[in-house]
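Please work through the following exercises with the sequence and the model at hand.

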Amino acid sequence: MLFRPKEKGMWDTTLYEENGTYHLFYLSQGNIGHATTRDFVTFEEHEDICGFGGDGRWNQIGVPLTGCLQKVGESYKMLLGSIEPKEHKQVYGLYESCDLYNWTEYKNNPVLMSDGIIYAKEVSPRDGNMFTAWRDPLVYEEKDGWYYICMCARTPRFDHSTTGALVANLRTRDFKSFEYLPPLDNVGDKVKYAECPDCFTLDKHRYITFLDHAWGGTRVHTSTRSDTAGTYYKMYNEKTRRFEWLPDCLLIGTSGDRQCSWAARSTMAEGKRLLYHHITATRVGFAFPKEVKADSDGSLFLMYFDKMDNLLGESVKLANIGVENDLGVWSKKDNLYEGLCLGWGSALTVCENETDICVSVTISMEKGARAGVALRVNEKDSEYENGICVYFDYEKQQVCMEELGYRKFEGYGHFHFDVVNGGAVRNPDFKHMTLEYGKSYELKIFARSEFYEVYVNNVWVMTKAYEEVKTKGKVQLFTERAKADFMLSVNRLLGTLN
């Protein structure tokens, strides 16, 4: 959404800010890629950190496992991981730098491997007998000369009652030797892995976060989403002295068992705690950072990061173009639209042939079923047009994003069959939200290349990639058996994705 490299792949990321410059490090086919930005509009790519060792060395295959970056005094240290060639154990080596651009591998690598006592070090059937579960370190605290680190790990012994997933806990003074501590938490009752873990304190509450796909028998449902996948969180309870699940425990991710917002971790930047992550797709993109905030009860949510305003370019002149044979009643005064259609669904085109845009629309619905915005609308065939629809569903009390088709005299709906063999699979995301008639809700939708991000009242709700949808087309407002007002603006985005 913000960045992807020109000629190579990317996967899990590390974001580090210093003096207003944001350094993005990312897994890149065995090396570590590096790019910098000050405004999130333009990125400068730098030389990779070479992760490949010689034959038989610990990093023979490169460093494809997520690492971490820590400033120590006036220098910088990275722990980068690989699967060593003999016993297929996940291990980590140390890399050091004085300037964040030139890195040297420590001569006595690897320095960090599981202990085999608190944390499993042997390959396991739970991992397909392919590798151990020992990866994704992150420095979460600096205290009394110690650097505390959390990691994805597994207990050495487990049975049908748990997956054995742990958030490991260890500490070091020099990043060359480590002391193994009891785990921060055992999460094997609910997830397969605790990948890319994080631990931080916000507004006097302490949290851990971790990533999991939650597929099949490890499905996770929350109070606002079902069949989730993404980054979950738990909050520390001072009375029980344990991290505990909250009802809406998905910090960022999707419903419908879809991997999309992936490997989210946080960093402090310019006085704010920012969550960063990438978006999975055929060509992965680095997503918008989001500010982590806490409600009065400690529940976490993600706010729009104001530096993303740097992406907003010129305003698009809005139109009032009726759809042929659509009998809905629409009126326009300046940028305020009113849509009325009480018998079915209706749409109105407000601009055409737009590619990368931000749509900001405040919707107030007097009555009816749903109202929203359709982006990248194009002809599907002689009967349908299709686009990515973001809408408020008042009947289901949800905010939704999915690819839908417009049919004359009916409105937007599903335009294919859900058959097992041969049917197209829809890619929706739904999140429960209390919606009230007569109340205004602001939608902010970013569409860039195949990626989409959605905010409601500046709170993040969805990130998706739709690779099969055209990336240029009409923008439409639509209602379904409803009367609704829309206050609308559309801005073209600055910069481009490679």
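Three exercises follow, each with a worked solution.

This is a predicted model, in which local features need pLDDT (the predictor's confidence in each residue, from 0 to 100) of at least 70 and side-chain atom pairs count only at pLDDT 80 or more, while totals for chains, interfaces and linings use all residues. Residues are numbered from 1 along each chain as its sequence is written, and side-chain values use heavy atoms, with hydrogens and water left out.

**Exercise 1.** Describe the surroundings of Thr 21.

Begin with the strand: Thr 21 is found in β2, residues 21-28, where strands are DSSP runs of E with at least two residues, numbered from the N terminus. Next, Thr 21 counts as buried because its relative accessible area is 16%, and buried means under 20%, exposed over 50% and partly exposed in between (1.4 Å probe, protein chains only). Finally, leaving aside neighbours within four places in sequence, Thr 21 is in contact (heavy atoms within 4.5 Å) with Tyr 16, Thr 36, Thr 37 and Arg 38.

**Exercise 2.** Compare the settings of Asn 353 and Asn 457.

Asn 353, with a positive phi near 55°, lies in strand β25, residues 336-354, and is exposed because its relative accessibility is 55%. Asn 457, with a positive phi near 50°, lies in the loop between β33 and β34, and is partly exposed because its relative accessible area is 38%.

**Exercise 3.** Find the peptide bond from Asn 109 to Pro 110 and state its geometry.

First locate Pro 110 in the loop between β8 (103-105) and β9 (135-143); then read omega, which is near 0°, a cis peptide bond.

Key. Helix = DSSP H or I, 4+ residues; strand = E, 2+ residues; numbered from the N terminus.
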